[in-house]
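User: Hi! I'd like to go through this protein with you, one question at a time. Could you take a look at it with me?

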Amino acid sequence: MSSTVTDSNDVEILKAEIRRLNEIVSNKEFGVENILLLTDSYKVSHHVQYPPNTTKIYSYFESRGGLHKEVCFFGLQIIIKKYLCGSNVVTREKIIEAEKLYKLHFGPGTNVFNKAGWEYVLETYNGSLPVKIKALPEGTVIPYKNCLFTLENTDPKCFWLTNFLETLLTHVWYTMTVATNSREQKKIILRYLKETGDPAEIDFKLHDFGYRGVSSVQTAGAGGAAHLTQFLGTDTVAGIVIARDYYGAECAGFSIPASEHSTMTAWKKSKETDAMRNMLEQYPKGLMACVSDSYDIYNAATNIWGTELKDQVMARDGTLVVRPDSGDPLEVDLKLLEKLGEKFGYETNEKGYKVLDPHVRIIQGDGIDIVMLERILEHLKVNGWSADNIAFGSGGGLLQKLNRDTQKCAFKCSLAIVDDEEIMVYKEPVTDPGKKSKRGYMSVHRDDEKNMLFTKFNGEHDFENDEMKTVFENGKLLIDYSWEDVKKRAAVTVDML
């Protein structure tokens, strides 16, 4: 009897603990970071550096130029939802933590930490942030050198808060740049598919291999989601989680069974054929990828896949994707297609380019970035092979070989109100005209004749017809963009080329 009571009590305790944990997760209290510490050190000191009687600081974010002439704006919603929404963004405990850390960080006797300002936010707004963000809809494609979002304080006593948040909000450069980079690669692949093959195959032509090559799970998630605004193929699970949790996508990306060198070489070189046969047996239908250059890619193509296992490959209800993983991609991919073509056959399509039997394709996943991808496609085209035959996997070139200067992203103050006077704020360094900033309020508008967006500023703003919308104000998310909407705006099609 006592045993039954004990067991029952244990179950109730366990249920209560599960409810508590679920409550923590649903309230997003688990793992929340301290907003007071999410800034550059020197910004902590800025509250006393503005002119006396400052009541508003208005700032904007833009791509001042860079590698690509148009950018795909994406990822601000991740930052807003994760760090800015709700009450208790500022708490007593966070203020105490920040005060202690900044005393150690800056040393004793310094007037650096704005404790009174943060206590005002806590007491007046219950810890919500009294700021407003206007932004372009997520997924919007716009020429560089245009405003993407603006930030301003909504309480005159919190003018210092606007640019305190610059560090955190500027991180949108990463998702924006990944989305832009993937979109530009999509244009390249589409162009070659249009010239040599079937553009309908575009969605799975560039696969995200970048999870292990970035600096953190958070980076993988943000960058992986950004890539998925353009393609459907990914091995970066964190990206589909971010698209799900922050944009409501049930499953934004897809993958296929695939081998790696460890699963092939564990069989030993003498049993390489057995290792490859096992792949065919384990995955009797659908797409399946197999790395085939652990020893000799050409022997694998000619003698193993193309001879010993040819009948099994041809009998499959699906496609074997052969993956090389070393050597000069231009040389290897062309030679591999030629050898597979000799063994499995090919047809010449209506555009005059060779296409392998549909049971076989290749994927190049080593050394791929936007430059190499185009070089390979051009090399194959010149030698008579359609882009239908090849897909690409990209890691560092997709998520890591980018930085804030790739698109010259910058967050700048453009207007201040001091003693009730609106001041046009700007920088114009004589040593670098490219860093000249915009001044005044910003609004973004569509030129219907040119079908492109442009920015009005320097006193010419027009808020009534502004393409930017208020997405966040005083702790509340006002617009929650869906994944479907983001994808529609970010889309690139053959007609756009």
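User: Which residues touch the most other members of the largest nonpolar core?

Analyst: Happy to help, and please keep in mind that this is a predicted model. Nonpolar side chains tend to be buried together in soluble globular proteins. Here the largest nonpolar core holds 136 residues. The members that touch the most others are Ile-35, Leu-84, Trp-118, Ile-133, Phe-149 and Trp-305.

User: Which helix gives the largest share of this core?

Analyst: The core of 136 residues draws on one helix above any other element, with a share of 11 residues. That helix spans residues 172–196. The contributor is helix 7.

User: What does Phe-149 touch, leaving out residues up to four places away in sequence?

Analyst: Phe-149 is among the core residues that touch the most other members. Its contacts include Ile-133, which is also on that list of core residues. In full, Phe-149 touches Ser-59, Tyr-60, Phe-61, Phe-73, Leu-76, Ile-133, Lys-134, Ala-135, Leu-169, Val-172, Phe-411 and Met-468.

User: How many residues of strand 12 are buried?

Analyst: In a regular strand, side chains alternate between the two faces of the sheet. In strand 12, Ile-390, Phe-392 and Ser-394 point one way, while Ala-391 and Gly-393 point the other way. Residues on either side are buried, so the strand is mostly covered, and the count is five of five.

User: Which residues stand opposite Phe-392 in the neighbouring strands?

Analyst: Strand 6 pairs with strand 12 in the parallel sense over three bridges, and strand 11 does so too, also over three bridges. From strand 6 (residues 206–208), the bridge partner of Phe-392 is Leu-206. From strand 11 (residues 360–364), the residue opposite Phe-392 is Gln-364.

User: What is the handedness of the crossover from strand 11 to strand 12?

Analyst: The two strands pair in the parallel sense. Between them the chain passes through helix 15, residues 370–382. This β-α-β crossover is right-handed.

User: Why does Cys-158 form no disulfide?

Analyst: A disulfide is a covalent bond between the sulfur atoms of two cysteines, and a search of the whole structure finds zero of them. Cys-158 is buried at 0% relative accessibility. The closest cysteine sulfur belongs to Cys-413, and it is too far for a bond because the separation is 16 Å.

User: Which residues does Val-494 contact, leaving aside neighbours within four places in sequence?

Analyst: Val-494 lies in the segment after helix 17 (483–490). Its C-alpha atom is 55 Å from that of Arg-92, 402 residues away along the chain. Its contacts are Leu-190, Lys-194 and Pro-199.

Definitions and conventions
Residues are numbered from 1 along each chain as its sequence is written. This is a predicted model: local features need pLDDT of at least 70, side-chain atom pairs count only at pLDDT 80 or more; totals for chains, interfaces and linings use all residues. Side-chain values use heavy atoms; hydrogens and water are left out. Helices (H or I, at least four residues) and strands (E, at least two) are DSSP runs, numbered from the N terminus. Contact means heavy atoms within 4.5 Å. A nonpolar core is a set of buried Ala, Val, Leu, Ile, Met, Phe, Trp, Tyr and Cys residues joined through side-chain atoms within 4.5 Å. Buried means under 20% relative accessible area, exposed over 50%, partly exposed in between (1.4 Å probe, protein chains only). Two strands pair if DSSP finds at least two bridges between them. A crossover is right-handed if, with the strands pointing away from the viewer, the path from the first strand over the helix to the second runs clockwise. A disulfide is a pair of cysteine sulfur atoms within 2.5 Å.
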